[in-house]
Amino acid sequence: MTRDQFIAEIYTLQEPLRRFLLGMCHGDVFNADDIAQETLLKAYLHYDTFQGRSSFSTWLFRIGYGCFCDHIGKRILDTESITERENRIPADDDSGKDYDELYHAINGLTSSEKATVLLFYIEDYSTKEIAEILGMASVTVRSHLHRARRHLKKILEQNGER
Amino acid sequence: MARDKDIKQFMLRHRPEVKNSGPFMKDVVRQINAMPIPAAMNPERQKEDCIRLVLEVSRRDLRTVRLAVCVIVVVAILSAITISIIPSDLIPSIPTAFFQFK
């Protein structure tokens, strides 16, 4: 793959990647785009390590999830207060508010459960591919999915969604 | 009771919309262009690697052939010497006759 082919490839994959990271970051567009950018640059610089055993998109999402985990780790260590973080999201950016129901629904899940749900239902990945992306066994992914389904069903029933 | 299909519909209905793909990709491409090309993406580098590999293999083969030729030559010389000595040892009348003739 040449540099131009790589750029063409990420042109098509950036949208699902950014959507997934947006869901993981609960609608924080700045954080999600920061992580997405870091992911794409990391993928470019470490393209030599792509062995083609999985699809390119799976490999890219795996890097993206890794970057997200690094980011979460950094944020925990960060001294930045919650109010500061809230202020950073501009008031005129209502992208987070549009999807409040989704973020509320997945709020009670752990990071890996959230990732499983977003990848399975929104990005249409199989449990095997999700296992590769999250670096865990297929059985674990299925158990995450089972728990997340139970949680989401409860939320949908509370909201009267059908 | 909500079914799996309902969950999928709910998720798709509420999936976040990604905006500003153009400026985002423009920035990513600008940064990529400022970075060095990784070896796996550099066709010139790949070509050089292939040439180096072919030269290495041909050099190794040449070394093997040279060694084989040397062994064959040595064996041939030794065989020639042995063949020239054996008849005189096996048929003693030849040197005797030779000396008588002299």
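**Entry 1: a term first.** A helix here is a DSSP run of H or I at least four residues long, numbered from the N terminus. With that settled, I looked at what comes after α7(A): it is followed by D124(A), whose phi is positive, near 60°. I am working from a predicted model, so I keep the confidence values at hand.

**Entry 2: D124(A) and H26(A).** I checked where D124(A) sits, and found it in the loop between α7 and α8 of chain A. Its positive phi is notable in that the residue is not a glycine. Buried or exposed? D124(A) counts as exposed, because it has 11 C-beta neighbours inside 10 Å.

I then turned to H26(A), another non-glycine residue with a positive phi, in this case near 55°. H26(A) belongs to the loop between α1 and α2 of chain A. I find 18 other C-beta atoms within 10 Å of H26(A), so this residue is partly exposed.

**Entry 3: α7(A) itself.** I wanted to know what span to expect from α7(A). Its twelve residues, at 1.5 Å a residue, should span 16 Å, because the expected span uses one less than the number of residues. The C-alpha atoms at its ends are 16 Å apart, which agrees.

Which residues of α7(A) are buried? I noted K114(A), A115(A), T116(A), V117(A), L118(A), L119(A), F120(A) and Y121(A).

I also followed V117(A) across to H146(A): their C-alpha atoms are separated by 9.7 Å, with the two positions 29 residues apart along the chain. H146(A) lies in helix α9 of chain A. It has 12 C-beta neighbours inside 10 Å, and 12 or fewer means exposed, so H146(A) counts as exposed.

**Entry 4: the nonpolar core.** Next I looked up the largest nonpolar core, which has 43 residues; L21(A), L119(A) and I130(A) touch the most other members. From chain A, the elements giving two or more residues to this core are α1 (3-24), α2 (29-45), α3 (56-77), α6 (100-106), α7 (111-122), α8 (127-134) and α9 (138-159), and α1 (4-13) of chain B does so too. Domain 1 (1-91) and domain 2 (99-162) of chain A each provide at least three residues. For background, nonpolar side chains tend to be buried together in soluble globular proteins.

I picked L119(A) for a closer look. Leaving out residues up to four places away in sequence, L119(A) touches F20(A), Y125(A), I130(A) and I133(A).

**Entry 5: where the chains meet.** How many residues does each chain bring to the contact? I have 34 residues from chain A and 27 residues from chain B. On the chain B side, α1 and α2 (21-34) each supply at least two residues. That side divides into 19 nonpolar, three polar and five charged residues. The predictor gives the complex an ipTM of 0.74 and a pTM of 0.70.

**Entry 6: the chains one by one.** Chain A has nine helices and zero strands. Of its 162 residues, 33% count as buried. I also looked at contacts in chain A between residues at least 6 apart in sequence, and 64% of them join residues at least 24 apart.

Chain B has four helices and zero strands. Buried residues make up 5% of its 102 residues. Its mean pLDDT is 85, and 88% of the residues reach 70 or more. Among the elements of chain B, α2(B) has the highest mean pLDDT (92), while helix α4 (residues 93-101) has the lowest (69).

Notes
Residues are numbered from 1 along each chain as its sequence is written. Chains are lettered from A and ligands numbered from 1 in the order in which they are written. This is a predicted model: local features need pLDDT of at least 70, side-chain atom pairs count only at pLDDT 80 or more; totals for chains, interfaces and linings use all residues. A nonpolar core is a set of buried Ala, Val, Leu, Ile, Met, Phe, Trp, Tyr and Cys residues joined through C-beta atoms within 7 Å. A residue is buried if 20 or more other C-beta atoms lie within 10 Å of its own, exposed if 12 or fewer, and partly exposed in between; C-beta atoms are placed from the backbone. Domain bounds come from an automatic or database domain assignment. Two residues are in contact if their C-beta atoms, placed from the backbone, lie within 7 Å. Ala, Val, Leu, Ile, Met, Phe, Trp, Tyr, Cys and Pro count as nonpolar, Asp, Glu, Lys and Arg as charged, and the others, Gly among them, as polar. pLDDT is the predictor's confidence in each residue, from 0 to 100.
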